[in-house]
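The following account leads the reader through a protein model, from its overall composition to individual helices, their packing and selected residues. The sequence and coordinates are best kept in view throughout.

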Amino acid sequence: MNTSTFSRAASAAKLRKPAPRKFSPLLEGVSITKQLQNSSFGRFHAAVHDIKSYLPVVQFKLPTVIVVGGRSAGKSSLLENITKCPIFPRDPALCTKMPVKLQLIEVASETDSSVTLGWRGAITRLESKDDILAEVAKIMKSVDTIVPDEVTVTICQTDVTTMELVDLPGIQTFPDDYAKATTALVTKYLSKPDTLVLCVVDATIPSLDSSTALAMIRAADKLPNTILALTKSDLVRSEIEIVERIFDRVLGSSSDNQHLVGLAGCVAVANRNHLDHVSLVEADVEERCYFQAMLDDPAEAYAPVEVQQKLRGNITIKKLIVKLDSLFHNFIVMRWKPAALTFLSPLQEQAQDEIQRLGPSVDAMSKDGVMEAVLGQVDFEAICSAIRTSCIQVTVNSQLCSLANHMSHHLWGTVSWAESMNKIEEKVSKAIRAALASDKYLLPVVDAFSTVFDKSTPLKLKRFTSLKKLLQTELLPSRVAEAKEAAAVVIKDMLQKVLQQLNYDSPVDDLFQKLDGGIRGCVIRQMTYHLKNRPLNLPESFILTEDDKVKRKRTRLTDKLLKIQTATDKISHIEEAISISNDSDNESHSPQAQQDVPDYADWVGNALFGAAQISRPASAPITAPDSAPAKESGELQMHAVPEASVHPSQHGLEGAEAVKPPSTASTPVPVSVPVKVSDHSSDIAEQPEASASPSSNPVPDMGIQHDVPAEPASAAPITNGNLACSMALLDRLQLGSPRSAAEMAADLESLQMSPPASVADSYMLV
């Protein structure tokens, strides 16, 4: 391992001039909320966004991330680095004395954005996110001991992903009251069922067995939900310590790992210190340069590509977030999905039962079929019984009965007898007409039909109030009238026969009783025939509809059932929704990329940190065809290889999508990438102006000499110019992933640089 290369990058902070504290805007840089937006975590929130708006599936929240570790292990710094929210006090004199919960909540619009701070029941709305740290520090200073009350910082924004993270007080072994309080607090949070744990351990400690936090996590059986974060990795300097305390630990081959079976992962990180001389964004660059220098010239056992890939997958904050996302993915599939489906299943059954209790849908029914069902439920025996009691009884008329008796015994054959017969016929006919005109025949019919609508039948006829009203007001009165008219004709003939029998001195009471019985029987027969045997045809204009109340309920329940079924389907296939291709995280480094990356990264790190002397990368070609003359010193020559020589797998393409050979010559062409080291000319010794060829861009004076050894230069502070360029280069070089010329051209354009058009059209930058 080239320790001189690593030591230059690792000691860069000490070489810098003292700098004031730098302000770090919230959520900028490699933050968990931005990196997880297109991860399993972010895709999960996108997938259930519609579901949680109408179903209480949101109650099944994703786990809260808790940060556990010893005092001064770097918990607050790690959480600050992960979230890019400088709200956690990291002053050595101001330790974390209570849990600090950060709630990030995604809102629909900017008008809903807010920042609040809650403490012991009081909620304070802050005007700016920049006030959070001061308010939290004020609360920390107000208490003298460890307390279990949470300080809750809630940030509602449109560009965040909803999540919860908790920074716990550091575990202490003395004094006794602090030891008991911190241990009890950590035990309480570890006992919560749905939590993911970031265990923070100082990478410089000789043995992980001495970590009280790891012991507590192991005792709580939380290792499968725990990621071990080795902080202060930048303080591990010697080659032996780098191998033993970083490489072996993150690879799981250390003797320290034998007691950590089931641990979800181990990642080495480098946070900024409490002096805040660099911003959180600049700290990301520093961290990558530290680890790139560490991997620059590894020991033989760690040089193979496979080992390098594993190492790169377990270093930097970015990889820590990737592993944390993997834990979220496992929780979603193994815990959240079954719980959500179990919750939805009875809701679906309940909605289906309620819809079934409403009866079949009107769309699946015909009005004629409904009428047949109604007639099938009518109790015609009840109608007949009611008619028997309500029909006219001639014998009840005492005057008519006495007149008939007097006539039959004393007036037979006389004129008075004939007049009496006419009078009797007139009175009986009038009584019959009055009886048939009465509603007393209609009422039992209407009551019998109405009872059908009140019954609990499979069709749930009660909901058809409009049909019931149509029967009561139009169809039944019309049908009863027809039955009465038919009965009147028959009764008239019956009356004539009765009157004829009076001529033969028959008993008057017997004759009238027979007449009464005949009338009742006639009415019953006609009613039964007209109602039961003749179909009740509904008007063509009549539309069978449910009551509005039932219709609204059916619509609501149907909509609810549809949403539940949609949610069930989405949740059942949640794995497909949240699964993504992690090609950018599981890099496939080509040997050429592995060979070139260290020199370039070393060069970038030196340029970034202002090391004493910067040499041209050995692997960068300094010769070129006549059409592309070599640049003067001060420019970084990046080798552009023709696309035809790049294997399709390096592009992530196959078949027809593979890169086509360019039409131009395949001679390597150097691409000039001016890297501005500092905007402060006073910090760099003035150099003679470099002669630029007509085809090259003006090169900023970088204070770099290649031909004559230079005196150690003072460290150049990181500025926006060289920081942005270094970030762009490191993203490509460290990861070793292919980058198309068009994509690199866009990156360089954002840095106000422009490569030659021919290169942008025909070459791939590696």
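The model is a predicted one. It comprises 27 helices and 13 strands. Of the 766 residues in the protein, 49% are buried. Among contacts with a sequence separation of 6 or more, 81% are between residues 24 or more positions apart.

A convenient starting point is helix H13, which covers residues 316–357. Thr-316 lies in this helix, and its phi is near 85°, a positive value in a residue other than glycine. Thr-316 counts as buried because its relative accessible area is 4%, and the cut-off for burial is under 20%.

Helix H6, residues 75–83, packs against H13 at an angle of about 85°, with the two axes 10 Å apart. H6 and H13 are therefore roughly perpendicular to each other, since angles of 65 to 115 degrees fall in that class. On the H6 side the contact is made by Leu-78, Asn-81 and Ile-82, and on the H13 side by Ile-317, Leu-320 and Ile-321. The loop between strand E1 (64–69) and H6 contains Ser-72. Ser-72 also has a positive phi, near 65°, in a residue other than glycine. In contrast to the buried Thr-316, Ser-72 counts as exposed, because its relative accessibility is 53% and the threshold is over 50%.

H13 also packs against helix H21, at an angle of about 155° and with the axes 9 Å apart. The two helices are therefore roughly antiparallel, as the angle lies over the limit of 145 degrees for that class. The contact involves many residues of H13, including Trp-336, Ala-340, Leu-344, Leu-347, Ala-351 and Ile-355, and residues of H21 including Arg-554, Leu-557, Leu-561, Ile-564, Thr-568 and Ile-571. The crossing of H13 and H21 is left-handed. In an α-helix there are 3.6 residues a turn, so residues three or four places apart point the same way.

Arg-554, one of the H21 residues in the contact with H13, leads to a further site. Its side chain is joined to that of Glu-546 by a polar contact of 2.7 Å. Glu-546 is located in the loop between helix H20 (508–533) and helix H21 (548–572). A second polar contact, of 2.6 Å, links the side chain of Glu-546 to the side chain of Arg-463. Is Glu-546 buried or exposed? Glu-546 is buried, because its relative accessible area is 8%, which is under the 20% cut-off. Beyond its neighbours within four places in sequence, the contacts of Glu-546 include Leu-358, Pro-360, Val-362, Phe-464 and Lys-551, together with Arg-463 and Arg-554.

Helix H14, residues 367–377, holds Asp-368. Asp-368 counts as partly exposed because its relative accessibility is 47%. The C-alpha atoms of Asp-368 and Leu-544 are 9.7 Å apart in space, although the two residues are 176 residues apart in sequence. H14 also meets helix H18 (residues 442–454): their axes come within 9 Å and cross at roughly 110°. H14 and H18 are therefore roughly perpendicular to each other. Val-374, Leu-375 and Gln-377 of H14 make this contact with Phe-449, Val-452 and Phe-453 of H18. The crossing of H14 and H18 is right-handed.

Two further helices illustrate burial along a helix. In helix H10, residues 239–251, the buried residues are Ile-242, Val-243, Arg-245, Ile-246, Phe-247, Asp-248, Arg-249 and Val-250. H10 is followed by Gly-252, which has a positive phi near 80°. Helix H11, residues 280–294, is mostly covered, with 14 of its 15 residues buried. What span should the 15 residues of H11 have at 1.5 Å a residue? The expected span is 21 Å, because the rise is counted over one less than the number of residues. The end C-alpha atoms of H11 are 21 Å apart, which agrees with that expectation.

A final point concerns backbone geometry. The peptide bond from Phe-174 to Pro-175 is cis, with omega near -10°. Pro-175 is placed in the loop between strand E6 (163–167) and helix H8 (176–190).

Note on methods. Residues numbered from 1 in each chain as written. Predicted model: local features only at pLDDT ≥ 70, side-chain atom pairs only at ≥ 80, totals over all residues. Heavy atoms only, no water. Helix = DSSP H or I, 4+ residues; strand = E, 2+ residues; numbered from the N terminus. Buried < 20%, exposed > 50% of the residue type's maximum accessible area, 1.4 Å probe, protein only. Polar contact = N/O pair within 3.5 Å; in protein donor to acceptor, adjacent residues only side chain to side chain. Contact = heavy atoms within 4.5 Å. Axes fitted to C-alpha atoms, helices over the stretch in contact; angles between N-to-C directions. Parallel < 35°, antiparallel > 145°, perpendicular 65-115°, else oblique. Left-handed = near helix turned anticlockwise from the far one by under 90°.
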